[in-house]
Amino acid sequence: MKSSDKKMYGIGLDVGGSHVSGSLIEANSYSVVEGSAEIIRISEKENAETILSAWSSLINNIVEKSNIHKEEVAGVGIAIPGPFVYEVGISHMVHKFKKLYGLNISKELSIRTDFRAEKFYFINDAESFLKGKVANNNKNKNNKKIDSAIGITLGSGLGSAFYIDEKATDANLWESPFRDKKAEDYISTNFCIQRYKELAWEEIEGVKYLNENYEVNPHCKQVLHEFGKNLADFLEPIVTEKQINTIILGGGVSGAYDKFFAFLKTKFAEPEYQILVEKETENMAMIGAVANLFDNL
């Protein structure tokens, strides 16, 4: 995007399996416009028309309540998981959003909104999170500039991306060999749930339980410590090889960061490295989607 005093906006969407979030993003500051956030609960198992109508309603609602002239909204950036042909907007997902397989999402959304098909731009969700966080961070002169980074989204699975030479790319590290399995088996919400079950012989829903009971339940402490060690051990050779100086964590598990940060700090100490924890993962993904939109205009 060329620099200009005139404010320009984009609509950012972050697509998840149970809901889609959206906001109006101000492009000069790469920040969410206050009061513009919308969320619609919609399962990825719904039929194509239901899903596309929900996404379109979200976009239309953001435009209608924004009080921004439509001419000031450059388009729509969408962060969405793969497999997906991001350049043309065609879904190749079969593990989720099965009913969207083979559809040209740009054309489908253009039918249901006021935006032409060429005004929709798509980006991998993990890549978008990292791109958004870097853009948001580097716009603030008080922040230490991010030159190279790895972004890790810690949820039910393991999302990852690299930021190198001013470009964010999907790292696709979830299936990398680690210990005797793959990385996602040791670095995810699912690891925490399964490991706690092995230790305590009871099931929990997620990391929130571990975080809240950390001080009173030794099994919770053990699981989060093991998780932290797994994450640090996995990242160390990658960070060294790629000459990365910033680690950015997002997703649900990052909310318990203070319980396992010591393992990361031991391997990635300041000032050589900085570790940033972003609790507003969806906001950063939406900002990244709009940054990608403006990169392509």
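A charge is said to sit over a ring if NZ of Lys or CZ of Arg is within 6 Å of the ring centre and within 35 degrees of the ring normal. The model discussed here is predicted.

Q: Over the face of which residue does Arg 179 lie?
A: The charge of an Arg is placed by its CZ atom, relative to the ring centre and the ring normal. Arg 179 is at 6.0 Å from the centre of the ring concerned. The residue whose face lies beneath Arg 179 is Tyr 186.

Q: Which residues form one aromatic cluster with Tyr 186?
A: Rings pair if their centres lie within 6.5 Å. Tyr 186 belongs to one aromatic cluster, and its other members are Phe 178, Phe 191 and Phe 234.

Q: How many aromatic pairs does a search of the whole structure find, and what is the geometry of Phe 178 and Phe 234?
A: The search of the whole structure finds 12 aromatic pairs. In the pair of Phe 178 and Phe 234, the ring centres are 5.4 Å apart and the planes are at 75°. Planes over 60 degrees apart meet the criterion, so the pair of Phe 178 and Phe 234 is edge-to-face.

Q: How many residues apart along the chain are Phe 178 and Phe 234?
A: Phe 178 is in strand 12 (residues 177-178), and Phe 234 is in helix 6 (residues 218-242). The pair thus links distant parts of the chain, with a separation of 56 residues.

Q: Is Phe 234 buried or exposed?
A: Buried means under 20% relative accessible area. Phe 234 has 5% relative accessibility, so this residue counts as buried. Its partner Phe 178, at 8%, also counts as buried.

Q: What is the geometry of the pair formed by Tyr 257 and Phe 261?
A: Both residues lie in helix 7 (residues 257-267), 4 residues apart, about one turn of the helix. Their ring centres are 5.9 Å apart, with the planes at 45°. That angle is neither under 30 nor over 60 degrees, so the pair is tilted.

Q: What is the relative accessible area of Phe 261?
A: Tyr 257, at 13% relative accessibility, counts as buried. Phe 261 is instead partly exposed, with a relative accessible area of 34%.

Q: Which residue has its charged end over the ring of Tyr 214?
A: For a Lys, the atom considered is NZ. The charged end in question is 5.7 Å from the centre of the Tyr 214 ring, and it belongs to Lys 259.

Q: What separates the C-alpha atoms of Ile 11 and Val 76?
A: Ile 11 is found in strand 1 (residues 9-15) and is buried, with a relative accessible area of 0%. Its contacts beyond four places in sequence include Val 76. The two residues are 65 residues apart along the chain, yet their C-alpha atoms are separated by 4.7 Å.

Notes:
Residues are numbered from 1 along each chain as its sequence is written. This is a predicted model: local features need pLDDT of at least 70, side-chain atom pairs count only at pLDDT 80 or more; totals for chains, interfaces and linings use all residues. Side-chain values use heavy atoms; hydrogens and water are left out. Helices (H or I, at least four residues) and strands (E, at least two) are DSSP runs, numbered from the N terminus. Buried means under 20% relative accessible area, exposed over 50%, partly exposed in between (1.4 Å probe, protein chains only). Contact means heavy atoms within 4.5 Å. Rings of Phe, Tyr and Trp (its six-membered ring) pair if their centres lie within 6.5 Å; planes under 30 degrees apart count as stacked, over 60 as edge-to-face and the rest as tilted.
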